[in-house]
Amino acid sequence: MRRLCDPTDARRLLNPGPVAIVTTTWRGISNAAPIAWCAPLSMQPPMVGIVVHPHRHTADLIRFSDNFAINIPGPRLAKQTAFLGSLTGLNNNKLESAGLALFSPLSIDAPLIEGCLAWIECTLQDVITIGDHSLFVGNVVKVQADDEAYAQQWLLNDRDDSPLTFIGGNRYAVVGDPIEATFEVDISGALVAENAEERERREEEEAARAEEQKQEGEEGLAQKRRSESDDHRSVF
Ligand SMILES: Cc1cc2nc3c(=O)[nH]c(=O)nc-3n(C[C@H](O)[C@H](O)[C@H](O)COP(=O)(O)O)c2cc1C
């Protein structure tokens, strides 16, 4: 059944995507905030966008310093990510309170967070007001990634090496079970939903499931009979 949702649900339905921890620095003081609304914007030149509410301290620090870093955490940093999103860095050194270790960026000022899976350094290209948020457009100047987690694609060999995705509220997820989507078309160019090999595999799986259910049913019946006869014995 289809359910009509509130228009504001659009934002949640576009998740999960990797949640970025955006780091900034200004006059020697650094800050960090999780930002779930982020997207690639251009391939050549490489540009990315992060959408930040203008009241966030992060928004001011990006405007003052003209640069920011996107740190991509895995599930090991879920607690720290939620913590950084729970308070402003205006009067707090959140990075210190979160116990996060930092390392030096290659090209910009904003520090990078140890233990993340990837790091994108950006200089500020533009700020565009969109509704009640601002889109900060960044020129990508350096990208680093943990080679166990990423090699031109997320490898997903280990749960801890998956980018952390934000679902909403206090819920996060890891990306799992990658699926390869190769397809064939028929003579008229229409998609072949299932080829012969796939049909055979599906039928085998269905038969195995049916057999499993039948066995479970038989075992359940046998157990029921046993317990009924136990009941009789206990009565007599
Ligand atoms: C998982 C998560 C994702 C968030 N995504 C965004 C976002 O995309 N844009 C935004 O403006 N705030 C977002 N926030 C809220 C800010 O991270 C939060 O207000 C933070 O405390 C701001 O810190 P700052 O004032 O030090 O910049 C998010 C919070 C969490 C926990």
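**Note on the sheet, core and ligand shell**

1. Leaving aside neighbours within four places in sequence, V22 has contacts with A32, A33, I35, I50, T58, F68 and I70. The model under discussion is a predicted one. V22 also stands opposite I70 of strand 5.

2. The contacts of V22 can be placed in a wider setting. The largest nonpolar core comprises 38 residues, and V22 is among those with the most contacts inside it, together with A20, I35, I50, A69 and I70. At least two residues of this core are supplied by each of strand 1 (20-26), strand 2 (29-35), strand 4 (47-52), helix 2 (57-65), strand 5 (67-72), strand 7 (112-113), strand 8 (118-130) and strand 10 (164-168).

3. As to the sheet, 7 strands form an open arrangement in the order 2-1-5-8-9-4-3, and their pairing is antiparallel. Strand 2 and strand 3 (38-42) occupy the edges; each has a single partner strand, so one side of each is left without a neighbour in the sheet. From one strand to the next, the twist averages 35°.

4. Strand 5 deserves separate comment. Of its 6 residues, 6 are buried. Its two faces are both covered: N67, A69 and N71 are buried on one side, and F68, I70 and I72 are buried on the other. Strand 5 is joined to strand 1 by 3 bridges, and these two strands run antiparallel. With strand 8, strand 5 pairs in the antiparallel sense over 6 bridges; here A69 stands opposite E121 of strand 8.

5. Strand 8 is also joined to strand 9 (residues 133-145), by 12 bridges and in antiparallel fashion. Within this pairing, C122 has V140 in strand 9 as its bridge partner.

6. Helix 2 lies across strand 1, strand 2, strand 4, strand 5, strand 8 and strand 9. With respect to strand 1, helix 2 runs at about 55°. Helix 2 is also one of the elements that supply at least two residues to the nonpolar core.

7. Which residues come nearest to the ligand? They are H57, T58, G85, T88 and G89, out of 19 residues around the ligand. Strand 2, strand 4 and helix 2 are the elements that give two or more residues to this shell. The largest share, 4 residues, comes from strand 2. By class, the shell contains 11 nonpolar, 7 polar and 1 charged residues. T58, one of the residues that come nearest to the ligand, is also in contact with V22.

Conventions. Residues numbered from 1 in each chain as written. Predicted model: local features only at pLDDT ≥ 70, side-chain atom pairs only at ≥ 80, totals over all residues. Core = buried A, V, L, I, M, F, W, Y, C linked by C-beta atoms within 7 Å. Buried ≥ 20, exposed ≤ 12 C-beta atoms within 10 Å, placed from the backbone. Contact = placed C-beta atoms within 7 Å. Pairing = 2+ DSSP bridges. Axes fitted to C-alpha atoms, helices over the stretch in contact; angles between N-to-C directions. Near = placed C-beta within 6 Å. Nonpolar A, V, L, I, M, F, W, Y, C, P; charged D, E, K, R; others polar.
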